[in-house]
Amino acid sequence: MSTSETTPDSSSPATSGTTPANPANPSAPKLPQPVFDIDPTLYAFSPNRETLGGTAYLITYIAASADNALERHNILVDCPAWTDTNLDFIAQQGGIRWLVITHRGGSSRVRDWQSRFDCDVVVQEQEAYLLPQIKTHPFHRELVLTPHHRLLWAPGHSPGATCLYSSTHGGILFTGRHILPTRQGGAAPLRVSKTFHWPRQLQQIQRLLDEFTPQTLGYICPGANTGFLRGKRYIEQAYEKLTHLDLQVMAKSQALL
């Protein structure tokens, strides 16, 4: 259970508790890194201790508004560590329009994030109650954020687990802890002792296979276990790797932890 589950968003002010970056100190917070080296519009943050090593992502997106002016509609997927390095970086990218929480373990200091960047907190309706002091934007099954980004309810790991789909780069799915990288270089759901509903989670894998194709789902950006990516920041050939899963065999698997 993450810190945010037991104490949703500490009451500390948004300007406190930050950790300054010190380039001379190798243990100092690192800058977010581009997921794709040739495209600096998508960034991965270092794992956040407050979310049990969860990886958050920043999607920078510029859209034309009704009056033809360009507006930044940046999306933060889950909560990175609350550090000066991360806060300054996000501000330099134009702030946050939406903070998407993919599952209950992906939230940390949500109230501070919302206060600092005046962003909408988007969460599946079954987990909105976990953030009682925060104004949230709950949704049911799907929610379109931009012409290229939409949220999909994917229950199983937790009741309100959510994936964010981006149609860019041949399709990217931000999976939180719904689908994770494996030691063997694959992609799979992980059954743990706290898994809410394992059969339902496997059903959601089949749903993804039914909804997408190899042409529309090229990459997965997972919310944990990123050390298994061996230096990369994505799982490539995502659809193909999901087709290799034997869901009937997996249904009989036992919890790992």
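1. Burial and surface. Of the 257 residues in the protein, 51% are buried. This is a predicted model. The accessible surface of the protein is about 12,300 Å². Carbon and sulfur atoms hold 52% of that surface.

2. Elements and contacts. The protein has six helices and 17 strands. Take the contacts with a separation of 6 or more: 56% of them join residues 24 or more positions apart.

3. Largest nonpolar core. The largest nonpolar core has 23 residues. The members that touch the most others are Leu173, Ile179, Phe212, Leu217, Ile220 and Leu242. Two or more residues come from each of β12 (162–166), β15 (187–188), α4 (198–211), α5 (238–243) and α6 (247–250). The largest share is that of α4, with five residues. As background, nonpolar side chains in soluble globular proteins tend to be buried together.

4. Leu217. What does Leu217 touch, residues up to four places away in sequence not counted? The list is Gly170, Gly171, Leu173, Phe212, Ala238, Tyr239 and Leu242. Of the residues named there, Leu173, Phe212 and Leu242 also appear with Leu217 among the core members that touch the most others.

5. Another core. Apart from the largest core lies another, of 22 residues. Its members include Ala56, Ile96, Trp113 and Leu131.

6. Six-stranded sheet. An open sheet runs in the order β10-β11-β12-β13-β16-β17. Its pairing is mixed. The edge strands are β10 (142–146) and β17 (235–236), each of which pairs on one side only. Within the sheet, β12 pairs with β13 (residues 172–176) in the antiparallel sense, over three bridges. Leu164 stands opposite Phe174 of β13.

7. Helix over strands. α4 lies across β10, β11 (149–153) and β13. The angle to β11 is about 145°. The same helix, α4, gives five residues to the largest core.

8. Pro47. This residue sits in the loop between β2 (39–44) and β3 (57–59). Is Pro47 buried, partly exposed or exposed? Its relative accessibility is 48%, so Pro47 counts as partly exposed; exposed would require over 50%. Beyond its neighbours within four places in sequence, Pro47 is in contact with Gly53, Gly54, Thr55 and Thr226. Pro47 and Ala224 are 177 residues apart along the chain, yet their C-alpha atoms are separated by 7.9 Å.

Conventions:
Residues are numbered from 1 along each chain as its sequence is written. This is a predicted model: local features need pLDDT of at least 70, side-chain atom pairs count only at pLDDT 80 or more; totals for chains, interfaces and linings use all residues. Side-chain values use heavy atoms; hydrogens and water are left out. A nonpolar core is a set of buried Ala, Val, Leu, Ile, Met, Phe, Trp, Tyr and Cys residues joined through side-chain atoms within 4.5 Å. Buried means under 20% relative accessible area, exposed over 50%, partly exposed in between (1.4 Å probe, protein chains only). Helices (H or I, at least four residues) and strands (E, at least two) are DSSP runs, numbered from the N terminus. Contact means heavy atoms within 4.5 Å. Accessible areas come from the Shrake-Rupley method with a 1.4 Å probe; for residues, only the protein chains shown count as cover. Two strands pair if DSSP finds at least two bridges between them. Axes are lines fitted to C-alpha atoms, for helices over the stretch in contact, and angles run from 0 to 180 degrees between N-to-C directions.
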